[in-house]
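This briefing is meant to be read beside the sequence and the model, and it moves from the overall fold to the ligand shell, the cores and two individual positions.

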Amino acid sequence: MSSRLRQGYRALVIGATGALGQAFASALTQDPRCADVVAIGRSGNATSASLGSTAGLPPWDVRDEASLVALAAALTGPFHFVIDATGALTLDGRGPEKRLADIDAIGVANSLHVNAIGPLLLLRCLSPLLGRGERVVWAKLSARVGSIEDNHKGGWYSYRMAKAALNQGLPRWPVKFLHLWPPQTPPPELIGDRV
Ligand SMILES: NC(=O)c1ccc[n+]([C@@H]2O[C@H](COP(=O)([O-])OP(=O)(O)OC[C@H]3O[C@@H](n4cnc5c(N)ncnc54)[C@H](OP(=O)(O)O)[C@@H]3O)[C@@H](O)[C@H]2O)c1
């Protein structure tokens, strides 16, 4: 994948305190083509000394739009490869619903906020930091259970609903961004991978 990005590309890993975010950040530090990896978690702290300092970043949360505006102002672009590895299956101490009786409106709304609305807000607020006039990739981790076709197991209602909503929201955004990119240059690309 990185061979499609320019030599010396800069990467931003969002949600780097999580299992997959950490794994992506550490894999990117091993890529000789990658000049810089900025790995951030919502506390604003760097996750590893080898990833460089992110001291000075404000705390942020994908549910808080103003905090994302402040985060964008504190980060220095351009970035050519962004991985958004934020997301939550368990929220406020409540795991995924196993039975219909476990569903409550607040839990569903919270999951939609973190897993579907938050990633779109992140994209909106941080997109000015993407490189212009060169190939850039924004990758968002979704989940296989968000697939409408692959929906045989039941349960996990709010997470499944939120990931399905995410899957609907993200694939269209490169089209919306076309007008921002200079003519003759590739617009940002969305890599969709459902795990
Ligand atoms: N692991 C899997 O098997 C699997 C399978 C399918 C899909 N996924 C998806 O892959 C992504 C990463 O999964 P993971 O296993 O690495 O999850 P994880 O270990 O729970 O990490 C989740 C990350 O999201 C951050 N986060 C949660 N709520 C947030 C909020 N409101 N604002 C900002 N950041 C927030 C967490 O920050 P804190 O550390 O501060 O909480 C953490 O950095 C998620 O979208 C998940 O749905 C994972």
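The points below are grouped by topic, after a short summary of the whole chain.

The model is predicted, and every value quoted here should be read with that in mind. The protein contains 5 helices and 5 strands, and from the N terminus on these elements follow the order β-α-β-α-β-α-β-α-α-β. Of its 195 residues, 31% are buried, and among the contacts between residues at least 6 apart in sequence, 64% join residues at least 24 apart.

**Strand pairing and crossovers**

- Strands β1 and β2 pair in the parallel sense over 6 bridges, and within this pairing V13 stands opposite A39 in β2.
- Together with helix α1, the strands β1 and β2 make a β-α-β unit that is right-handed.
- Strand β3, which covers residues 81-84, pairs with β4 in the parallel sense over 4 bridges, and V82 stands opposite W138 in β4.
- To pass from β3 to β4 the chain goes through helix α3 (residues 105-126), and this β-α-β crossover is likewise described as right-handed.
- Strand β4, spanning residues 137-141, is mostly covered, since 4 of its 5 residues are buried.

**Surroundings of the ligand**

- The ligand is surrounded by 20 residues, of which the closest are T17, G18, L20, G87 and L141.
- By class, this shell consists of 9 nonpolar, 8 polar and 3 charged residues.
- Helix α1, formed by residues 19-29, gives the most to the shell around the ligand, with 3 residues.

**Nonpolar cores**

- As general background, nonpolar side chains in soluble globular proteins tend to be buried together.
- In this model the largest nonpolar core has 33 residues, and those with the most contacts inside it are A11, V13 and I14.
- Two or more residues of this core come from each of β1 (9-14), α1, β2 (34-40), α2 (65-74), β3, α3 and β4.
- When its neighbours within four places in sequence are left aside, A11 is in contact with L28, C34, V37, F79 and F81.
- A second core, separate from the one just described, has 6 residues, including A116, V145, W156 and Y159.

**Two positions in helix α3**

- I106 has its place in helix α3, and it counts as exposed because it has 11 C-beta neighbours inside 10 Å, where the cut-off for this class is 12 or fewer.
- The C-alpha atoms of I106 and S158 are separated by 9.9 Å, although these residues lie 52 residues apart along the chain.
- R124 also has its place in helix α3, but with 15 C-beta neighbours inside 10 Å it counts as partly exposed, because that number falls between the limit of 12 or fewer for exposed residues and the limit of 20 or more for buried ones.
- For R124 and E65, which are 59 residues apart along the chain, the C-alpha atoms are separated by 9.9 Å.

Technical notes: Residues numbered from 1 in each chain as written. Predicted model: local features only at pLDDT ≥ 70, side-chain atom pairs only at ≥ 80, totals over all residues. Near = placed C-beta within 6 Å. Nonpolar A, V, L, I, M, F, W, Y, C, P; charged D, E, K, R; others polar. Pairing = 2+ DSSP bridges. Right-handed = clockwise from strand over helix to strand, strands pointing away. Core = buried A, V, L, I, M, F, W, Y, C linked by C-beta atoms within 7 Å. Contact = placed C-beta atoms within 7 Å.
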